Amino acid sequence: MNAKLFTQAIIKVISGILLVGALLFLPAGSFSYWNAWLQLGILFIPMIVAGFVMMKKSPELLQKRLNAKEEQPEQKTVIVLSGLMFLASFIIAGLNFRFKWIVLPDWIVYAATALFLLGYILYAEVLRENAYLSRTVEVQENQKVIDTGLYGIVRHPMYMSTFVLFLSMPLVLGSVISFVIMLLYIPIIAKRIRNEEQVLEEGLVGYSDYKKRVKYKVIPFVW
């Protein structure tokens, strides 16, 4: 096991837990915000398991995802907008718990939890199918078009999985208002996809033909 990679991954996870925890529990004003504990569990436990699997089977992919730095100016804007969206959504969810603005029934929270875990399963399958997967918009050396599995259904199955993850997250946290905020992910990711497909068409051989074969970008028969 690569000790440096392991340390880097652990630091990222611990930092993420502390940040998300602070954004949820501080506005909630209490550690009794059970939805936040549930969200932390279903978010970070699978992430830790996936990290260990990647460290064993594909350390290069894990290293690439940990050290990713976006170079496209347009994508830097997308990252900033996404960060603000998450910030607002988490803080509002905590405040919703504190002031009981809109209280969702437990069955909605549990259904959203199941959807979130489904999103993680889709995410893991995309990682398995595409060894070129990157957190940044780029064309890698010797990269080839992947058109099998989920990539034979939609052109961007990674965004399909994040769509499920991000839109179920505020419902796990019990906040309808946060869900409305998270709907901003749709125009944000649409902006990212437009730029990404332009980069891929210009630099990846066969991508234009792939676009003709696979019509849908994110959601089959819808988008």
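The following exercises, with worked solutions, concern the nonpolar core and the salt bridges of a predicted model.

**Exercise 1. Characterise the largest nonpolar core: determine how many residues it has and which helices supply them.**

Solution.
Step 1. The largest nonpolar core has 52 residues. Within it, Leu24, Tyr33 and Phe90 are the residues with the most contacts.
Step 2. At least two core residues come from each of helix 1 (3-28), helix 2 (34-57), helix 4 (73-99), helix 5 (106-129), helix 6 (157-172), helix 7 (176-182), helix 8 (185-203) and helix 9 (207-213).
Step 3. Helix 6 provides the largest share of this core, namely nine residues.
Step 4. For context, nonpolar side chains in soluble globular proteins tend to be buried together.

**Exercise 2. Identify the residues in contact with Phe90, leaving aside its neighbours within four places in sequence.**

Solution.
Step 1. Phe90 is among the residues with the most contacts inside the core.
Step 2. With those sequence neighbours set aside, Phe90 is in contact with Val20, Leu23, Leu24, Met169 and Leu173.
Step 3. Leu24 appears in this list and is also named among the residues with the most contacts inside the core.

**Exercise 3. Analyse the salt bridge between Asp147 and Arg213.**

Solution.
Step 1. The count for the model is five salt bridges.
Step 2. In one of them, the side chains of Asp147 and Arg213 meet at 3.0 Å, N to O.
Step 3. Asp147 belongs to the loop between helix 5 and helix 6, whereas Arg213 belongs to helix 9, so the pair ties together parts 66 residues apart in sequence.
Step 4. The relative accessible area of Asp147 is 36%. Because buried means under 20% and exposed over 50%, Asp147 is partly exposed.

**Exercise 4. Trace the salt bridges of Glu197 to Arg155 and Lys211, and state which residues share one network.**

Solution.
Step 1. Arg155 and Glu197 form a salt bridge whose closest N and O atoms are 2.7 Å apart. Arg155 is in the loop between helix 5 and helix 6 and Glu197 in helix 8, a pair that links distant parts of the chain, 42 residues apart.
Step 2. Arg155 and Glu197 are both buried; the relative accessibility of Glu197 is 4%.
Step 3. Glu197 also forms a salt bridge with Lys211, with the closest N and O atoms 3.6 Å apart. Since Glu197 lies in helix 8 and Lys211 in helix 9, this pair ties together parts that are 14 residues apart in sequence.
Step 4. Lys211 is partly exposed, its relative accessible area being 23%.
Step 5. Through shared partners, salt bridges join Arg155, Glu197, Glu201 and Lys211 into one network.

Notes. Residues are numbered from 1 along each chain as its sequence is written. This is a predicted model: local features need pLDDT of at least 70, side-chain atom pairs count only at pLDDT 80 or more; totals for chains, interfaces and linings use all residues. Side-chain values use heavy atoms; hydrogens and water are left out. A nonpolar core is a set of buried Ala, Val, Leu, Ile, Met, Phe, Trp, Tyr and Cys residues joined through side-chain atoms within 4.5 Å. Buried means under 20% relative accessible area, exposed over 50%, partly exposed in between (1.4 Å probe, protein chains only). Helices (H or I, at least four residues) and strands (E, at least two) are DSSP runs, numbered from the N terminus. Contact means heavy atoms within 4.5 Å. A salt bridge is a side-chain nitrogen of Lys or Arg within 4 Å of a carboxyl oxygen of Asp or Glu.
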